[in-house]
Amino acid sequence: MIVVGAGPAGAVAATLLARAGARVRLIDRARFPRDKLCGDTMNPGTLAALRRLGMAGPIEARGLRVDGMVVTGERGVRVVCRYPRDLYGRALVRRELDAALVEQALAAGARFEPQTTVRRAIVGQGRSPRVAGVVVGVYGSEREMRSRVVIAADGRHSTLTFGLGLARHPARPRRWAVGAYFDNVSGLTAFGEMHVRRGRYIGVALVPGGLANVCLVKPWDLAAGDIPLRDAQAALRRELTRDDALAERFARARLTVPPVVLGPLAVEVDQTAPDGLLLAGDAAGFIDPMTGDGLRFAVCGAELAARSALQALDQGWDGVHQRLAALRRREFAAKWRFNRTLRSLVASPPAVLAAGAVASVAPSVLRRMVGFAGDCGFTD
Ligand SMILES: Cc1cc2nc3c(=O)[nH]c(=O)nc-3n(C[C@H](O)[C@H](O)[C@H](O)COP(=O)(O)OP(=O)(O)OC[C@H]3O[C@@H](n4cnc5c(N)ncnc54)[C@H](O)[C@@H]3O)c2cc1C
């Protein structure tokens, strides 16, 4: 089997397939370890999924504990939301997290081929199109890799799903993320931070080494005075310095690496792939980073895709996609709805103000939402 992309989805799928005795090639265009723009926090649900799969060890050992979220809104709203029942998440930079997961795939017996870029799927034309492998580019030449099953885990802008016409960027919403690491940020704690403002939000998290991971997500409107994204550093600085809750805390902060820009963020993906191909992680559908759910979707979605791949090998492709789609709906549908609702709320300035007002008089509503976002259930 071929797994394209060695992020969390690909590494988890490759590990589970190799453990089940399949011959697995895990391909990535990058050389590992590699960086990846992300808030770097795993919520309790992600950790629980990794523990259940026996893959959490290195993350527990190296990641910082995250005890909950601090959410702030306009007009000084600030609510501390501790995860219930002593649950916690972990913060670990993706460079380390992803490398640790790939190591586990190798230990399970998968073969890893870094610096190998997939250009397109090989599509056989029988009664209906069927993916029969991938074409990869290595050092300027192309070669075919054939396989009965290909798992596309190649991320938000998946070469495979975009190439096959299964994915597209919708006209709306059109938002971009700018991510960076700072040192000398004051007031960092074991709580992740989500600063929700009209039309935008800023996530802040302490990561190992004492740095602050900062991710800004917003629409970019040059006509409205936004600094062009090519000067992402100035754009990020401006958002931080004009923010009442953050300006002082970042007054002496220094960027440790140039910011990374990603966007437009939203991607729509059809849930029915051709036979021969299964989707996992962001390649199966990207959700807004605001709820910090992407990694759980990647881990759990990879587990479902790996199970489907084994079924397809054993019994053929009849009904495999339908069963996978039903399992994904059962696992993720409530979160998809929750995520879409929050995304619309942030896009509406009056709704942000109204939500802030509700949060200041009834903070337990927000605490329950953070518990749900972190997969702790709706608890106070
Ligand atoms: C701003 C921001 C903040 C976020 N913060 C959080 C957070 O705090 N917590 C959380 O849970 N989630 C967060 N997410 C979401 C999370 O980052 C993703 O959901 C997660 O990375 C998905 O993992 P993946 O394995 O599907 O894809 P990726 O991690 O993107 O991995 C895809 C891999 O495929 C490889 N690849 C791509 N194209 C090719 C190709 N053509 N050939 C070969 N290899 C290829 C890439 O090199 C990469 O290694 C955030 C996302 C954003 C944008």
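**Questions about a predicted model**

Q: What makes strand 10 and strand 11 a pair in this predicted model?
A: Strand 10 (residues 129-138) runs antiparallel to strand 11, with 6 bridges between them. Pairing takes at least two bridges, so strand 10 and strand 11 count as paired. One residue match to look for is Gly133, which sits opposite Arg146 in strand 11. In the hairpin there are 2 residues between the strands, and Tyr139 has a positive phi near 45°.

Q: Why is strand 11 called hardly covered?
A: Strand 11 (residues 141-146) has 6 residues, and the count of buried ones is 0. Buried calls for 20 or more other C-beta atoms within 10 Å, so no residue of strand 11 gets there.

Q: What makes Asn43 buried or exposed?
A: Asn43 has 28 C-beta neighbours inside 10 Å. The cut-off for buried is 20 or more, so Asn43 counts as buried. You'll find Asn43 in the loop between strand 3 and helix 2. Leaving out neighbours within four places in sequence, the contacts of Asn43 are Gly89, Gly292, Asp293, Arg296, Ala373, Gly374 and Asp375.

Q: How do you know that Asn43 is in contact with residues such as Gly89 and Asp375?
A: Contact requires C-beta atoms, placed from the backbone, within 7 Å. Gly89 and Asp375 are both on the contact list of Asn43, so their C-beta atoms meet that limit. As a separate check on the fold, Asn43 and Leu295 are 252 residues apart along the chain, with 8.4 Å between their C-alpha atoms.

Q: Which residues of helix 2 are buried, and what covers them?
A: In helix 2 (residues 44-52), the buried ones are Pro44, Gly45, Thr46, Leu47, Ala49 and Leu50. Their cover includes strand 3, helix 3 (57-62), strand 7 and helix 7. Just after helix 2 comes Gly54, with a positive phi of about 70°.

Q: What makes Gly371 buried or exposed?
A: Gly371, found in helix 10 (residues 363-373), has 23 C-beta neighbours inside 10 Å. With the bar for buried at 20 or more, Gly371 counts as buried. Gly371 and Gln271 are 100 residues apart along the chain, and 28 Å separate their C-alpha atoms.

Q: Why are strand 8 and strand 21 called edge strands of their sheet?
A: The sheet is open, with 5 parallel strands in the order 8-2-1-12-21. Strand 8 (111-113) and strand 21 (277-279) each have a single partner strand, so one side of each has no neighbour in the sheet. Neighbouring strands here are turned by 20° against each other on average, ignoring direction. Strand 2 (residues 25-27) pairs in parallel with strand 8 over 3 bridges, and Leu26 stands opposite Phe112 in strand 8. Helix 1 (residues 8-19) packs on this sheet, touching strand 1 (2-4), strand 2 and strand 12 (150-152). The direction of helix 1 makes about 165° with that of strand 1.

Q: Which strands stand at the edges of the sheet with the order 3-7-4, and why?
A: That open sheet has 3 strands with antiparallel pairing. Strand 3 (41-42) and strand 4 (64-66) each have a single partner strand, so each has one side without a neighbour in the sheet. Strand 4 pairs with strand 7 (residues 89-91) over 3 bridges, and Val66 has Gly89 as its bridge partner in strand 7.

Q: How do you know that the buried residues of helix 6 are on the same side?
A: The buried residues of helix 6 (residues 232-241) are Ala235, Leu236, Glu239 and Leu240. They cover an arc of only 130° around the axis, so they are on the same side of helix 6. The face turned away from them carries the exposed residues Ala234 and Thr241. Cover for the buried residues includes strand 14 (176-183), strand 16 (200-207) and strand 17 (211-218).

Q: Why is the largest nonpolar core said to lie between domain 1 and domain 2?
A: This core has 114 residues, and Val4, Ala13, Ile151, Ala280 and Ala305 touch the most other members. Helix 7 (residues 294-315) gives the largest share, 11 residues. Domain 1 (2-39 + 93-171 + 265-344) and domain 2 (176-263) both give residues to the core, so it lies between them.

Notes
Residues numbered from 1 in each chain as written. Predicted model: local features only at pLDDT ≥ 70, side-chain atom pairs only at ≥ 80, totals over all residues. Helix = DSSP H or I, 4+ residues; strand = E, 2+ residues; numbered from the N terminus. Axes fitted to C-alpha atoms, helices over the stretch in contact; angles between N-to-C directions. Contact = placed C-beta atoms within 7 Å. Buried ≥ 20, exposed ≤ 12 C-beta atoms within 10 Å, placed from the backbone. Arc of directions from axis to C-beta. Core = buried A, V, L, I, M, F, W, Y, C linked by C-beta atoms within 7 Å. Domains from an automatic or database assignment.
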